[in-house]
Amino acid sequence: MTDTLKIVPSTDNVTTGVRNPAVVAEGLADVLADTYRMTFKTHAYHWNVTGPAFYSIHKLTDDHYENMFAAADELAERIRALGQLAPMRMADIMGRSRVEDLTDMPSAREMMEDLAKDHENLAHRLHALIELSGENKDPVTEDLATERSAFHEEAAWMLRAIAAD
């Protein structure tokens, strides 16, 4: 006699098999909000950076904001795959995001330090999403959050290395 795997639905989302898709989608929406705000902030620093490290910072921030813009789409599409709505208003993005703007025009070094801090904070938020995804049997979101965390950890490292000069 062969054993067969008996699948018993214990989820709110039959398509994905995720236990609490609304809870996971909330975590994704928080990460999306930070990602979207960081995309703009990084782009703004890209436009306004000056100084001897201009070219390297300009190129690095170009790579970063393009990566994050693509990631925002992927995060929103994962929310939709979980049967939830992605944030639709800028007020929702602002309300969910932990990213803060500096009040004064920063120097190039301050820009790099500020972005590094934001990347580290988002990596930590992604670590929490990895845990939440695992608890809710969502390996797809868990993998996505792991990939995004690796990007943000590397970005923080590179930015801190530039700011160390």
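Helix α4 supplies three residues to the lining of the largest cavity, the largest share from any one source. The model you are looking at is predicted, and that cavity is a good place to start getting to know it. Around it stands a protein chain with five helices and zero strands.

**The cavity**

- The structure holds one cavity of 30 Å³ or more.
- The space inside the largest cavity comes to about 40 Å³.
- To find the largest cavity in the viewer, look for its lining residues: Asp34, Arg98, Val99, Asp118, Asn121 and Leu122.
- By character, that lining divides into three charged residues, two nonpolar ones and one polar one.

**The chain as a whole**

- Reading from the N terminus, you will meet the elements in the order α-α-α-α-α.
- The protein chain has 165 residues, and 42% of them count as buried.
- Sequence distance is often bridged here: of the contacts between residues at least 6 apart in sequence, 79% join residues at least 24 apart.
- The accessible surface of the protein chain is about 9600 Å², with carbon and sulfur atoms accounting for 55% of that area.

**Helix α5**

- Helix α5 covers residues 139–163, which makes 25 residues.
- Its length agrees with expectation, because a rise of 1.5 Å a residue should give a span of 36 Å, and the end C-alpha atoms are indeed 36 Å apart.
- Several residues of α5 are buried, among them Leu144, Phe151 and Leu159.
- The buried set of α5 also includes Arg148, His152, Thr141 and Ser149.
- Four alanines to look for among the buried residues of α5 are Ala145, Ala155, Ala156 and Ala163.
- The partners that these buried residues of α5 pack against are α1 (21–48), α2 (54–81) and α4 (108–135).
- Helix α4, one of those packing partners, is also the helix that gives three residues to the lining of the largest cavity.

**A closer look at Glu154**

- Glu154 is a residue of helix α5.
- Glu154 counts as partly exposed because its relative accessibility is 44%, which falls between the 20% limit for buried and the 50% limit for exposed.
- In sequence, Glu154 and Glu120 are 34 residues apart.
- In space, the C-alpha atoms of Glu154 and Glu120 are 9.3 Å apart.

How values were computed. Residues numbered from 1 in each chain as written. Predicted model: local features only at pLDDT ≥ 70, side-chain atom pairs only at ≥ 80, totals over all residues. Heavy atoms only, no water. Helix = DSSP H or I, 4+ residues; strand = E, 2+ residues; numbered from the N terminus. Buried < 20%, exposed > 50% of the residue type's maximum accessible area, 1.4 Å probe, protein only. Contact = heavy atoms within 4.5 Å. Areas by Shrake-Rupley, 256 points an atom, 1.4 Å probe, with all protein chains shown as cover. Expected span 1.5 Å × (residues − 1). 1 Å grid on protein atoms, 1.4 Å probe; cavity = no way out; pocket = protein on both sides within 12 Å on 5 of 7 lines; lining within 4 Å. Points joined across faces, edges and corners; volume = space filled by probe spheres on them. Nonpolar A, V, L, I, M, F, W, Y, C, P; charged D, E, K, R; others polar.
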